[in-house]
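This report examines how aromatic side chains are arranged in one protein chain. Please consult the sequence and the structure as you read.

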Amino acid sequence: MYRTTFEKVPTFKSALRRLGRGQREVHEVHALTDVSFEVGHGTSVGIIGANGAGKSTLMRAIAGILPPSEGRIEVHGRVSTLLALGVGFKRKLSGRENVVLGGLAAGMTREELDERYDEIAAFAELGEFIDMPMMTYSSGMYSRLAFSVAVHLNPDILLIDEALSTGDAKFKQKAARKMREVADNAGTMFLVSHSMRSIKRLCSECIWLHKGQLKMQGDPEEVIAAYTKFLEVGEDVFSLEDM
Ligand SMILES: Nc1ncnc2c1ncn2[C@@H]1O[C@H](COP(=O)(O)OP(=O)(O)OP(=O)(O)O)[C@@H](O)[C@H]1O
Ligand SMILES: [Mg+2]
């Protein structure tokens with residue numbers, strides 16, 4: 001549940017009242033309700049659902065960024081996140097500095113970082129931009145580096161939330177190969193995507209969220225068929241976005 005304070009109709013009167021009580025209206029958004037599931041080690045889970053269904057909220061909760069207001073989440077293993085909202089990067093720092101900071105924050109040692117830095121930088125293919133402040137990056141460049149850091153941290157659990165939508169075709173292909181590798185290495189992966197094709201290719205299980213509730217869980221083919229039927233669109237609609 002998200003709590004936000006807001007002023008419904010900001011009138012002079014309500015402003016006065018607020019001054020008196022020092023209070024604003026609290027609005028509660030129940031982004032997820034009664035969602036319960038178990039995912040085994042080594043499973044690649046696709047998360048699908050309409051805009052606002054609660055997918056990113058679920059990822060943030062699993063990552064521990066947003067603890068649940070009710071209920072419990074048990075995670076066994078090291079989580080590495082790649083969330084669309086790009087948590088962690090400091091835009092004033094260079095890509096290089098952010099890789100180091102991100103790695104240290106994720107529990108890597110200096111030695112491990114020294115060892116893996118070149119690999120991370122090479123995968124992102126940013127050229128000389130790796131030493132420029134990240135605020136000079138395009139959104140695609142930003143997500144390249146985010147992806148590269150996340151997959152090179154050797155996580156037990158990799159969370160990917162649509163971060164690749166801004167990557168170009170070539171990088172998407174490379175990223176897909178890397179995700180396959182993670183999936184094949186018996187790592188656990190959660191992939192949020194609106195591309196049904198990616199989910200089918202990379203996931204062995206699928207969860208469909210609908211208005212904050214778990215609508216269906218199971219085989220990707222079956223869940224996607226039910227979801228697209230529900231949306232009343234053909235499955236090939238999604239092939240326009242190849243990732
Ligand atoms: N920080 C926030 N404060 C208040 N409400 C929020 C916040 N973030 C998300 N919400 C609400 O929670 C619900 C779920 O949002 P969420 O971002 O998890 O959806 P999503 O499935 O990731 O959607 P999309 O496909 O558009 O990325 C929505 O109703 C949204 O308005
Ligand atoms: Mg989202």
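## Terms and model

A residue is called buried when its relative accessible area is under 20%, exposed when that area is over 50%, and partly exposed in between. The model discussed here is predicted.

## Aromatic pairs

A pair of aromatic rings is described by the distance of the centres and the angle of the planes. Rings count as a pair if their centres lie within 6.5 Å; by this rule, there are seven aromatic pairs.

One of them joins Phe89 and Tyr142 in an edge-to-face arrangement, with 5.4 Å from centre to centre and 85° between the planes. This pair links distant parts of the chain: Phe89 belongs to the loop between β4 (79-82) and α3 (95-105), while Tyr142 belongs to helix α5 (residues 139-152), 53 residues apart. Phe89 and Tyr142 are both buried.

## A pair between strand and helix

Trp208 and Phe230 also form an edge-to-face pair, in which the centres are 5.2 Å apart and the planes meet at 65°. Here too distant parts of the chain are linked, since Trp208 lies in strand β7 (residues 205-210) and Phe230 in helix α8 (residues 220-231), 22 residues apart.

Is each of these two residues buried or partly exposed? Trp208 counts as buried because its relative accessibility is 3%. Phe230 has a relative accessibility of 40% and therefore counts as partly exposed.

## A cluster and a charge

Phe123, Phe147 and Phe171 are linked into a cluster by ring pairs. Lys174 lies over the face of Phe123, at 4.5 Å from the ring centre.

Terms used. Residues are numbered from 1 along each chain as its sequence is written. Chains are lettered from A and ligands numbered from 1 in the order in which they are written. This is a predicted model: local features need pLDDT of at least 70, side-chain atom pairs count only at pLDDT 80 or more; totals for chains, interfaces and linings use all residues. Side-chain values use heavy atoms; hydrogens and water are left out. Rings of Phe, Tyr and Trp (its six-membered ring) pair if their centres lie within 6.5 Å; planes under 30 degrees apart count as stacked, over 60 as edge-to-face and the rest as tilted. Helices (H or I, at least four residues) and strands (E, at least two) are DSSP runs, numbered from the N terminus. Buried means under 20% relative accessible area, exposed over 50%, partly exposed in between (1.4 Å probe, protein chains only). A charge sits over a ring if NZ of Lys or CZ of Arg is within 6 Å of the ring centre and within 35 degrees of the ring normal.
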